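Me: I've got a model open and a few labels I'd like to see justified. Can we go through them one by one?

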Amino acid sequence: MTSADPVAQEALDRRYMAAALRLARRNAGRTGTNPSVGTIIVRDDGSGPMIVGTGVTAIGGRPHAETEALAEAGELARGATAYVTLEPCAHHGRTPPCAEALVRAGITRVVGAASDPDSRVSGKGYAILRTAGLTVTERVLADEAADHLAGYLIRSVKKRPEVILKMAYSADRKIGRGGAGQVAITGEVSRRIVHMMRAEADAILVGIGTALEDDPALTVRLPGLENRSPVRIVLDSRFRLPADAKLLADIERVPLYLVVGHDADPQKRAAFERLGVRFIGAEIHDGHIALPELLEDIAALGMTSLFVEGGAAVAKSLLEDELVDRIVLFQGEVEIGEGGIATPVDAAHIPAGFRKLRDMRFGDDSCAEWIRDIEAG
Ligand code: AOF
Ligand code: ZN
């Protein structure tokens with residue numbers, strides 16, 4: 001499927017890649033250390049392009065997207081174009097390499113978005129296709145793909161998960177009021193959006209201050225997405241979380257990790273372990289958890305994206321250590337006034353190195369998102 005008109009072809013390529021990226025989102029957060037990839041197979045018998053196969057990386061990471069799309073297309077793959085959001089793999093896993101499968105199925109053109117930094121792939125996937133005589137177009141919607149694959153790419157390159165910092169603050173830039181428990185800052189639509197963002201992450205992280213003050217559950221509670229809750233991680237250097245915290249209520253369904261010092265009280269730890277709590281031991285310097293090392297340990301557990309929901313101290317430390325990759329800020333209309341805790345970051349003071357990705361509005365709240373390019377630090 002190649003059109004004689006290169007401009008029309010380019011527009012078509014972008015359209016199908018956009019669809020493949022939307023497809024890839026479906027399993028985001030559910031494919032383990034494997035990225036969620038989308039594949040769309042399109043053929044044109046002369047009467048216009050037609051989708052004959054679609055695939056997304058399966059839950060758990062296998063089968064790969066290409067396997068599923070080729071199975072659906074069957075013989076119709078012969079002479080067709082495959083749109084893949086990530087370079088097809090070149091290594092033998094549970095199945096032969098996807099690049100070889102595309103060749104064998106008779107695909108004649110492959111359009112790719114992101115290259116795969118995995119050393120078993122990294123250019124070899126595209127090379128297999130070209131050597132076999134297929135036409136390959138790379139980097140179609142590459143920025144959008146890098147945005148979608150950020151967790152996977154950052155873990156591959158930096159050996160730590162993507163860190164997404166979410167903060168919600170009031171009209172007067174406060175994130176809450178000390179000792180007042182959870183304060184409603186944003187509205188119902190924003191709450192739902194946050195739950196959707198949680199569902200796409202591998203883990204949600206908060207500091208012990210937030211855990212004690214708000215007593216949050218940190219689960220996804222949206223109709224249809226109830227079983228999409230990522231694991232929860234609490235930074236608790238002095239091991240202060242009480243056993244009756246809401247975070248322990250749903251622990252069989254949604255794991256809870258406590259990050260404590262290596263010297264944490266072994267008896268209390270054993271008691272919590274019996275309740276199902278998991279532990280990550282951390283280096284602690286002057287009461288502060290060594291964050292770069294902790295993030296490496298979290299990546300080693302197989303997590304590629306971390307959704308950080310506060311509080312101010314955790315946000316400040318992550319920003320100071322330049323460990324934040326994405327900032328999502330919600331601003332509500334309420335005023336908190338006297339005694340409120342100032343937000344450590346607001347839309348007018350985004351650290352250097354970030355660029356704004358989008359501005360949104362949810363009900364009465366405004367929301368904006370910034371990312372830092374992977375190369376930047
Ligand atoms: C693809 N299509 O849908 C995905 C790919 O553990 P394995 O054998 O599944 O290999 C994991 C690697 O496969 C991962 O690091 C990345 O390079 C690639 N993921 N490749 O062709 C897919 N999810
Ligand atoms: Zn593959």
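What follows is a short back-and-forth on where those labels come from.

Me: What makes this protein as compact as a globular protein of that length?

Reply: Keep in mind that this is a predicted model. Its radius of gyration is 23 Å, and the globule rule gives 21 Å for 377 residues; the two are close, so the label holds. The fold itself has 11 helices and 18 strands, and the C-alpha trace spans about 70 × 45 × 40 Å along its principal axes.

Me: Why is Arg221 called exposed?

Reply: Count the other C-beta atoms within 10 Å of Arg221: there are 12. The cut-off for exposed is 12 or fewer, so Arg221 is exposed. Arg221 sits in the loop between helix 8 (208–214) and strand 9 (231–235), touching His195 and Glu226 if you leave out residues up to four places away in sequence.

Me: And why is Ala312 called partly exposed?

Reply: Ala312 has 18 other C-beta atoms within 10 Å. Buried needs 20 or more and exposed 12 or fewer, so Ala312 falls in between and is partly exposed. Ala312 belongs to helix 11 (residues 312–320). Beyond four places away in sequence, Ala312 touches Ile175, Ile341 and Pro344.

Me: UniProt lists both under "binding site". How do you know that the listed residues do not all gather at one spot?

Reply: That list comes from an unreviewed entry, and includes Ala168, Arg221, Ala312 and Ser317. The listed residues span 150 residues in sequence and their farthest two C-alpha atoms are 28.9 Å apart, so they do not all gather at one spot.

Key. Residues numbered from 1 in each chain as written. Chains lettered and ligands numbered in written order. Predicted model: local features only at pLDDT ≥ 70, side-chain atom pairs only at ≥ 80, totals over all residues. Helix = DSSP H or I, 4+ residues; strand = E, 2+ residues; numbered from the N terminus. Rg over C-alpha atoms; globule rule 2.2 N^0.38 Å. UniProt positions renumbered as here; feature names shortened; annotations may be inferred. Contact = placed C-beta atoms within 7 Å.
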